[in-house]
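Subject: Handover of a structure and summary of findings

Dear colleague,

Please find below the structure that I am handing over to you. A summary of what was found in it follows directly after.

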Amino acid sequence: MTTRNVRRADGYAADGVMPRRRLLRLAGAGLGLVLAGAVTTACGPEEVDASGGMGEPKPGGSGEGGGDAFTTPPAGTAPRALWQEETAVGTLGNHEVLAVVGNVVLVAGDPLVGRDLATGRKLWSLPGAAQPGARLIMGGDTLYLASGEYDGDLVGLDPATGKETWRSRLGGRYAQPRPIGADAERVYVVAGILEKDLSSRHNVIAAVDIRTGKAVWNERRDAGTEESGLTSVVLGDHLVYTDHRENLTVRDTATGRQLWTKKISSSNFERIAVHDGAVFVADGRNLRSFGLGDGAERWALETEEFSAFNGPTVIEGVLYASDSAHALWAVDPATGKRRWHNPDLLEVSVPLQFAKVGDTLYGGTEFDKDGGVQAYDARDGKLRWTFNDKTGKEQQWYVVAAGKRLAALHGDRVQALPAV
């Protein structure tokens, strides 16, 4: 089934000039850092306060009302941050640069830091633990990283304490293995193949057994493929990833066998999503769904001419995506039919990353000094408010839902916002 609406598929403007925001995003992806204007004034009939709320919070402070006694403000008024702290990471990076595990906020960088979600207090700090651009790959209750010592090892950390709980030494067979996914049984890595002269001209995708620390399978990738810049996700028996050569590939997690691969017009930097036996990708002007098992296209949805979709996210059975025409979409992932469409965001930044709490959809915006964390009514897509930290930095925002709070990252600042 194909749903058609029908922009230029490569995301360029009609005059052939690539939009500035898209250039910035491409630059970020090209760095291999692997976890977004105008002033925000209004959305439809509702006025939105882009000031960042009611004054600056104290670092590590409990925020509005103290403890858990807080609620989000009404439409048109942004909340106050519950706490804000500086961090050592810049956000020209991957989708997994920020994570929350239990009550611990993790921010990739050097040092690798864990903070208390309620107060922002630093719980632990590990200098040299994570390589630049490290992705926060979680498998079960363990955080997996390439060793910061560049010795070819993989390490597992306890997010609550930062202590090492697991290590795999792959015997010098591979050069710099990098985790790209994990589940309860295996860590999936991409790594260079070490030649006799210690060079590495080819690479593999491999699965490392968590119990033994040994590779249970490895599959050599095609010549010319690169080790960095993969966007990947694991769902059940499927490892799904895109790469710089504009391939969408699915492998069997048990054997490593490639089930199928397809060419897509967008590069690796776009987020991909998997849900209920399907993978969803932004492919230029199209948002497309493929069956995980056979690669058959299930549906395609088009945005307007000369526009392109940003990477999708599926939350609680609804697919969310924005586009370069500054519109936000909510789509049924089974059929591709839209639930709602908000085209009235021309004066604001659009979100690239999403989280949801109750009836509120939160978005972290693209590169824009006037962007921030946005709150939308998840029932109709209307923008309620935008939180901005007033730093004026044109860096992407990241947001993760965690119970009654949101963790947000922007440039070198991590903060918590109320989410109920």
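Is Asp209 buried or exposed? Asp209 has a relative accessible area of 7%, which is under the 20% limit, so it counts as buried. Please note that the model is a predicted one.

Salt bridges

Asp209 has a charged partner: it forms a salt bridge with Arg211, and the closest N and O atoms are 3.0 Å apart. Arg211 is exposed, because its relative accessible area of 74% is over the 50% limit. This pair therefore joins a buried aspartate to an exposed arginine.

A second pair consists of Arg186 and Glu185, whose side chains meet in a salt bridge at 3.5 Å, N to O. Here the arginine is the buried partner, Arg186 having a relative accessible area of 15%. Glu185, at 48% relative accessibility, is partly exposed.

In total, the count comes to 14 salt bridges. One of them connects Asp151 with Arg167, with 3.7 Å between the closest N and O atoms. Asp151 belongs to the loop between S9 and S10, whereas Arg167 belongs to strand S11, so this salt bridge ties together parts that lie 16 residues apart in sequence. Both partners are partly exposed: the relative accessible area is 37% for Asp151 and 24% for Arg167. The two residues also belong to a network of salt bridges that links Asp151, Asp153, Glu164, Arg167 and Arg169.

The sheet around this network

Strands S9, S10 and S11 belong to an open sheet of four strands, which follow the order S8-S9-S10-S11 with antiparallel pairing. Its edges are formed by strand S8 (137-139) and strand S11 (164-168), each of which pairs on one side only. On average, neighbouring strands of the sheet are turned by 30° against each other, direction ignored. Within the sheet, strand S9 (residues 142-146) and strand S10 (residues 154-157) are paired in the antiparallel sense over four bridges. Ala146 has Leu154 in S10 as its bridge partner.

Nonpolar cores

The largest nonpolar core comprises 29 residues, and those with the most contacts inside it are Leu98, Val105, Leu112 and Leu145. At least two residues of this core come from each of strand S4 (98-101), strand S5 (104-107), S9, S10, strand S32 (397-402), strand S33 (405-410) and strand S34 (413-418). S5 supplies the largest share, four residues. Another core, of 15 residues, lies apart from it; among its members are Leu154, Leu170, Tyr174 and Ala206. Leu154 is thus named twice in this summary, as the bridge partner of Ala146 and as a member of the 15-residue core.

Aromatic pairs

How many aromatic pairs does a search of the whole structure find? The search finds nine. In one of them, the ring centres of Phe280 and Trp299 are 5.9 Å apart and the planes stand at 35°, so the pair is tilted. Phe280 lies in strand S21 (residues 278-283) and Trp299 in strand S23 (residues 297-302); the pair links distant parts of the chain, 19 residues apart. Both Phe280 and Trp299 are buried. Elsewhere, Tyr320, Trp340 and Phe354 form one aromatic cluster.

With kind regards

Note on methods. Residues are numbered from 1 along each chain as its sequence is written. This is a predicted model: local features need pLDDT of at least 70, side-chain atom pairs count only at pLDDT 80 or more; totals for chains, interfaces and linings use all residues. Side-chain values use heavy atoms; hydrogens and water are left out. Two strands pair if DSSP finds at least two bridges between them. Axes are lines fitted to C-alpha atoms, for helices over the stretch in contact, and angles run from 0 to 180 degrees between N-to-C directions. Rings of Phe, Tyr and Trp (its six-membered ring) pair if their centres lie within 6.5 Å; planes under 30 degrees apart count as stacked, over 60 as edge-to-face and the rest as tilted. Buried means under 20% relative accessible area, exposed over 50%, partly exposed in between (1.4 Å probe, protein chains only). A salt bridge is a side-chain nitrogen of Lys or Arg within 4 Å of a carboxyl oxygen of Asp or Glu. A nonpolar core is a set of buried Ala, Val, Leu, Ile, Met, Phe, Trp, Tyr and Cys residues joined through side-chain atoms within 4.5 Å.
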